[in-house]
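The following note concerns the ligand site and two points of backbone geometry. It is set out as numbered points for ease of reply.

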Amino acid sequence: MGLFLGLDSSTQSLSAMVVDTKRGAVVLDESVNFGGALPQYGSPQGFIPNADPRIKHANPVMWAQALDVLFERVTAGGFDLGSVRGVSGAGQQHGSVYLRRPISGGWSSDAPLHEQIGPLLSRATSPIWMDASAGEECNEIARAVGGEPEVVKVSGSRAIERFTAAQIRRFYKLEPAAYDATAEIHLVSSFIASLLAGRSVPIDLGDGAGMNLLDLQAGAWSPALLEAAAPRLGKRLPPPVPSTTQVGVVDDYFVKKYGFRSGTPLFAFTGDNPSSLVGMGASEPGTAVISLGTSDTVFAAMRQPRTDPRGFGHVFGNPAGGFMSLICFANGSLAREAIRDRFGLSWSDFERAIREQTRPGNDGNAMLPFFVPEMTPKVGAPKVELFGDDDFVAWRKPAATVRAIVEAQALSMKHHSDWIGERPTSILVTGGASRNRGILQIIADVFQAELKTLAISKSSALGGALRAAQAVEGTSFKELAATFAAPDPSLDVRPDPATKAVYDELGARFAERLAAL
Ligand code: XUL
């Protein structure tokens with residue numbers, strides 16, 4: 001029985017969580033916000049602003065420096081990292097890091113980690129999941145393998161702009177010499193794990209499935225998709241491994257600097273969503289999860305891969321075995337923040353607007369909420385439209401605008417997740433906005449389902465800690481979830497049956513509007 005560390009390198013922050021399996025308690029919860037703690041990278045929201053809204057890159061050196069900042073904070077707070085018996089974690093999905101040579105031989109203690117990363121990069125910045133610039137490359141990949149249905153059949157998703165294959169192809173086309181100089185390409189998850197190990201480590205099957213390169217059934221890179229993406233790509237990718245694989249031990253750099261025990265085992269990192277599936281206690285089929293983060297996602301475990309006939313959903317690997325379905329909405333908290341900031345509101349104002357100042361259906365005021373390019377449904381450039389009374393359309397009704405964005409987001413989630421299967425009667429919610437009961441009430445009413453919230457909102461970092469605990473101690477995910485991922489009944493949000501008719505009608509109108517996009 002011991003302590004296990006889970007990390008999550010997400011879009012806007014790096015988080016650490018430690019669970020103590022003996023006491024059944026979370027004993028550390030710490031985060032570093034990239035924009036706030038590392039302003040020198042000019043990435044207030046975790047990525048480098050670009051005049052072209054389709055281009056979203058981040059600096060991988062920032063992610064590396066955040067590791068030092070995080071561990072400095074953790075040890076300065078008096079936490080003994082020497083008590084940790086295993087480490088795993090997660091990263092924002094799909095983003096890729098390009099290296100001149102594989103990482104090997106550990107890090108020097110004479111210089112900070114981030115200074116050792118710059119010279120290793122063959123591409124200064126990393127395209128992240130929000131990048132929407134590789135549409136042409138998606139078409140090329142699909143054509144090369146005989147059409148979109150073939151990409152879906154092999155990889156579980158149609159060719160998607162934010163997925164790694166299209167991004168790699170774009171790099172190869174725009175900067176062929178730099179592609180030639182690239183010896184290895186990592187996902188964010190395998191990059192962070194490689195930093196901790198001091199050597200290049202494999203990509204896990206969970207996150208690997210978000211690349212449009214993995215043959216899901218074979219659990220191996222698909223030669224046809226590799227070939228379609230870029231020449232000799234197979235040589236440049238670490239091998240895919242099951243998520244439970246031990247990929248190394250924590251490098252001496254971290255042992256000397258932060259007191260980790262020498263030889264602390266490190267288990268494969270996965271994507272933030274697959275990790276969340278474990279951290280939410282939803283790794284067995286039957287429970288749907290809604291995660292309200294920078295992106296909003298809807299996901300659930302499934303035994304056999306089933307694909308979305310509309311082509312927006314994805315199939316990833318479930319770190320606990322089998323598969324998971326996922327639908328991602330780029331306009332999650334970024335869109336909610338755009339409304340909050342436009343009217344100078346606080347999150348409590350947001351909640352009050354929904355619970356006290358407006359009512360379900362919003363008196364006919366509605367919105368198309370695409371503040372950034374959207375992948376579900378496909379909206380190439382920002383598109384925000386208001387429909388309703390004159391004051392609302394002129395942006396003079398803050399409370400109605402708050403309700404309009406959340407209703408639009410919830411209706412879109414419901415509309416685009418209907419392919420997953422049976423309508424859930426109970427849904428688990430996580431992510432920063434899951435603390436906002438106004439937002440939750442709208443989701444509960446739109447889905448006509450009870451929402452359950454865990455006491456812990458950082459389910460992705462928690463999933464990392466639980467995966468390390470499972471790997472070292474052999475405790476089942478089910479048992480670990482019963483201890484660490486139990487919903488807090490005082491946070492349950494029940495649907496109001498009287499709103500069903502309102503949202504059925506609004507849902508039909510919203511679907512028409514989406515179809516006309
Ligand atoms: C999932 C996706 C996002 C990122 C956010 O497909 O693109 O949820 O993983 O971190």
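1. In this predicted model, the ligand is surrounded by 13 residues, and the closest are His94, Arg162, Asp272, Asn273 and Ser295. By class, the shell around the ligand comprises four nonpolar, seven polar and two charged residues.

2. Polar contacts to the ligand involve both side chains and backbone. A polar side-chain atom of Asp272 is placed 2.4 Å from an oxygen atom of the ligand. For His94, a polar side-chain atom lies 2.7 Å from a ligand oxygen atom. Gln93 contributes through its backbone: one of its polar backbone atoms is 3.1 Å from an oxygen atom of the ligand. On its own the ligand has 290 Å² of accessible area, of which the protein covers 97%.

3. Where does the ligand sit with respect to the pockets? The space that the ligand takes is the largest pocket. Helix H12 (272-279) and strand S19 (323-329) are the elements that give two or more residues to the shell around the ligand.

4. The domain assignment is also relevant to the site. Domain 1 (3-271) and domain 2 (281-453 + 487-517) each supply at least three residues to the shell around the ligand.

5. Two backbone features merit inspection. Most peptide bonds are trans, and most residues other than glycine have a negative phi. The bond joining Thr376 and Pro377, however, is a cis peptide bond with omega of about -5°. Pro377 belongs to the loop between strand S20 (366-370) and strand S21 (383-387).

6. The second feature concerns Arg232, which is not a glycine yet has a positive phi of about 50°. Arg232 is located in the loop that runs between helix H10 (223-229) and strand S12 (240-241).

Conventions:
Residues numbered from 1 in each chain as written. Predicted model: local features only at pLDDT ≥ 70, side-chain atom pairs only at ≥ 80, totals over all residues. Heavy atoms only, no water. Near = heavy atom within 4 Å. Polar contact = N/O pair within 3.5 Å; in protein donor to acceptor, adjacent residues only side chain to side chain. Areas by Shrake-Rupley, 256 points an atom, 1.4 Å probe, with all protein chains shown as cover. 1 Å grid on protein atoms, 1.4 Å probe; cavity = no way out; pocket = protein on both sides within 12 Å on 5 of 7 lines; lining within 4 Å. Sits in = over half its atoms within 2 Å of the grid points. Helix = DSSP H or I, 4+ residues; strand = E, 2+ residues; numbered from the N terminus. Nonpolar A, V, L, I, M, F, W, Y, C, P; charged D, E, K, R; others polar. Domains from an automatic or database assignment.
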